[in-house]
Amino acid sequence: MLITHTLGRGTLRVKIHHDLGITNRAAAALQIEALVAAHRPDRVVLELPTEGPSPATLSAMARAQRMCRSLNVPFAVTGADVRLREGVDQAPARLDAGARRQR
């Protein structure tokens with residue numbers, strides 16, 4: 001089982017049970033998208049499994065975040081420190097880089 005969820009008071013809480021890999025990140029992202037489509041929550045809270053999420057876990061999180069943003073559904077993350085490291089000579093890191101934006 002990749003994820004579990006609860007729904008209460010308009011908030012959909014999704015828990016990713018273990019760090020995702022390349023082989024299961026798309027499945028987890030699709031499951032989250034299906035839950036949002038089925039329940040139409042007022043808010044989504046995603047709980048990550050570790051303090052240092054894998055790139056695949058962050059990819060699934062970013063995909064869920066973009067989908068929620070496109071639906072104007074507030075999105076929050078708990079359970080991990082998801083700040084991205086920024087190098088001295090790099091532009092600020094962004095999780096939504098490359099996402100389609102509504103103008």
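Which residue of E4 does Glu47 stand opposite? In this predicted model, Glu47 faces Thr78 of E4.

## The chain at a glance

Let's start with the overall layout. The secondary structure of the protein chain adds up to two helices and four strands, and reading from the N terminus the elements go β-β-α-β-α-β.

Some overall figures help set the scene. The protein chain has 103 residues, 33% of which count as buried. Its exposed surface comes to about 6,800 Å², with carbon and sulfur atoms supplying 50% of that. Take the contacts in the protein chain with a separation of 6 or more: 69% of them are between residues 24 or more positions apart.

## The sheet

The four strands make an open sheet in the order E1-E2-E3-E4, and the pairing is mixed. Strand E1 (3-8) and E4 sit at the edges, each pairing on one side only. From one strand to the next, the twist averages 20°.

As general background, strands of a sheet pair through backbone hydrogen bonds, in either a parallel or an antiparallel way. Here E3 and E4 go for the parallel sense, with four bridges between them. To get from E3 to E4 the chain passes through H2, and this β-α-β crossover is right-handed.

## How the helices lie on it

H1 lies across E1, E2 and E3, and runs at about 20° to E1. H2, for its part, lies across E2, E3 and E4, with an angle of about 155° to E4.

## A closer look at H2

Helix H2 covers residues 55-70, so to speak a run of 16 residues. From its first C-alpha to its last it reaches 22 Å, close to the 22 Å expected at 1.5 Å a residue.

Which residues of H2 are buried? They are Ala56, Thr57, Leu58, Ala60, Met61, Ala62, Ala64, Gln65, Met67 and Cys68. And what do these buried residues pack against? Their partners are three strands and a helix: strand E2 (11-16), strand E3 (43-47) and strand E4 (75-78), along with helix H1 (25-39).

Just past the end of H2 there is a backbone detail to look at: Asn72 has a positive phi of about 60°.

## Putting it together

H2 is a handy place to begin when looking at the model. It links E3 to E4 in the right-handed crossover, its buried residues pack against E3 and E4 as well as E2 and H1, and the two strands it links pair in parallel. Follow E4 along and you come to Thr78, opposite Glu47.

Methods:
Residues numbered from 1 in each chain as written. Predicted model: local features only at pLDDT ≥ 70, side-chain atom pairs only at ≥ 80, totals over all residues. Heavy atoms only, no water. Expected span 1.5 Å × (residues − 1). Buried < 20%, exposed > 50% of the residue type's maximum accessible area, 1.4 Å probe, protein only. Contact = heavy atoms within 4.5 Å. Pairing = 2+ DSSP bridges. Right-handed = clockwise from strand over helix to strand, strands pointing away. Areas by Shrake-Rupley, 256 points an atom, 1.4 Å probe, with all protein chains shown as cover. Axes fitted to C-alpha atoms, helices over the stretch in contact; angles between N-to-C directions.
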